[in-house]
Amino acid sequence: MAAISRRKPEQVRLERLLRLIAALIDTPRFLSIEEIHKRVGISRGADSAGYPENGAAAKRAFHRDMNELADAGIPVISGPVPGQERETWGYRIRKQDYSLPEMDLEADELAALHRAATAVRFDGVSGSEALWKLGGRVGEGTEAELAAVPVHPALADLFQAVTEQRVAGFAYGGQDRAIEPWTLAFDQGHWYVVGHDRSRDDKRTFRVDRIEGDVTLGSPGGFQQPEDAVGWVPIQPWKFGTETPVSARLRVDPEQAVWAARRLGQEPVAKESDGSAVFEVVVRSTDAFRSLALEFLEHAEIVSPPELRAGVVAWLEELSR
């Protein structure tokens with residue numbers, strides 16, 4: 001497979017800091033270091049944000065991050081974690097301490113914000129309202145749209161269900177579902193909700209744009225989110241396409257085999273003499289599966305079917321011209 005560039009270390013560190021800030025804000029109580037690590041997630045390689053699996057290394061990385069937040073003036077406070085048998089110190093950010101203060105922006109600053117707000121489009125959502133609150137739009141926007149993020153009508157209800165732990169009901173695939181939503185994730189151009197499907201008594205992932213009709217919400221606190229469900233959740237978009245399902249084989253080098261098993265959520269079907277792992281994957285989206293293979297750079301190879309392999313090779317050759 002042709003190599004693609006990795007993310008820079010500072011990009012990975014910034015993503016981890018943003019996850020840390022989100023975890024510290026989105027809590028009504030102090031969180032222990034262990035709880036914070038679970039919410040931020042575990043690093044899955046040099047190109048993945050999160051904390052190391054090793055406890056001592058994770059604590060060192062956490063304290064470095066806390067020093068960066070302090071240097072940036074972000075108001076993290078500490079206090080005892082409730083419900084512990086022995087005294088445990090925790091951390092949080094009060095939302096009122098982190099809210100945006102009144103801003104007195106100059107015309108050129110508002111103009112720059114206007115251009116930035118028009119560079120990324122959230123379908124059906126405009127950034128104009130926020131700009132008016134800051135003093136109105138000044139100058140021209142930009143036609144150079146850098147990204148478009150779809151917004152589905154169900155997202156607001158699902159976000160409320162996740163944050164307030166409400167059971168969400170909706171129709172999916174012609175069947176009524178009642179799920180305990182754990183998290184929302186955006187991957188490969190689509191939103192997903194992950195949680196416990198009560199009707200199946202198992203963990204399930206649903207693509208939000210395939211939800212049929214309205215979402216109904218239960219009462220707040222309708223379920224207890226499991227501790228190991230908080231944080232990074234691997235989405236598997238190659239399973240959610242509309243193409244005819246194809247059984248593909250992906251060979252992964254020994255040094256990436258453990259990470260591949262975690263990413264795919266399954267064990268290999270075969271091990272080769274050099275330690276390479278072979279995974280059999282059901283593919284319903286060729287583009288998403290191609291992106292999956294490229295996550296491993298030169299350490300993965302699509303073995304079969306031949307037409308899928310040939311299509312990816314042709315795409316890479318065209319990209320390199």
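This report describes helix α3 and two backbone features of a predicted model.

## Basis of the description

Residues are numbered from 1 along each chain as its sequence is written, and side-chain values use heavy atoms, with hydrogens and water left out. Because the model is predicted, local features need pLDDT of at least 70 and side-chain atom pairs count only at pLDDT 80 or more, whereas totals for chains, interfaces and linings use all residues.

## Helix α3

Helices (DSSP runs of H or I, at least four residues) and strands (runs of E, at least two) are numbered from the N terminus. Helix α3 comprises the 17 residues 55–71, and its end C-alpha atoms are 24 Å apart, which agrees with the 24 Å expected at 1.5 Å a residue; the expected span is 1.5 Å times one less than the number of residues.

At the N-terminal end, N54 caps α3 through a side-chain oxygen that lies 3.1 Å from the backbone nitrogen of A56. Just after the helix, G73 takes a positive phi of about 80°.

The buried residues of α3 (under 20% relative accessible area, 1.4 Å probe, protein chains only) are A57, A58, A61, F62, D65, M66 and L69. Among the elements that cover them are α1 (9–25), α2 (33–40) and β2 (89–92). An α-helix has 3.6 residues a turn, so residues three or four places apart point the same way.

## Two loop residues

D201 lies in the loop between β7 (190–197) and β8 (202–207). Its phi is near 50°, a positive value in a residue other than glycine. D201 is exposed, with a relative accessible area of 61%, where exposed means over 50%.

P305 is found in the loop between β13 (300–304) and α10 (306–320). The peptide bond that leads to P305 from S304 is cis, with omega near 0°.

Conventions: Contact = heavy atoms within 4.5 Å. Polar contact = N/O pair within 3.5 Å; in protein donor to acceptor, adjacent residues only side chain to side chain.
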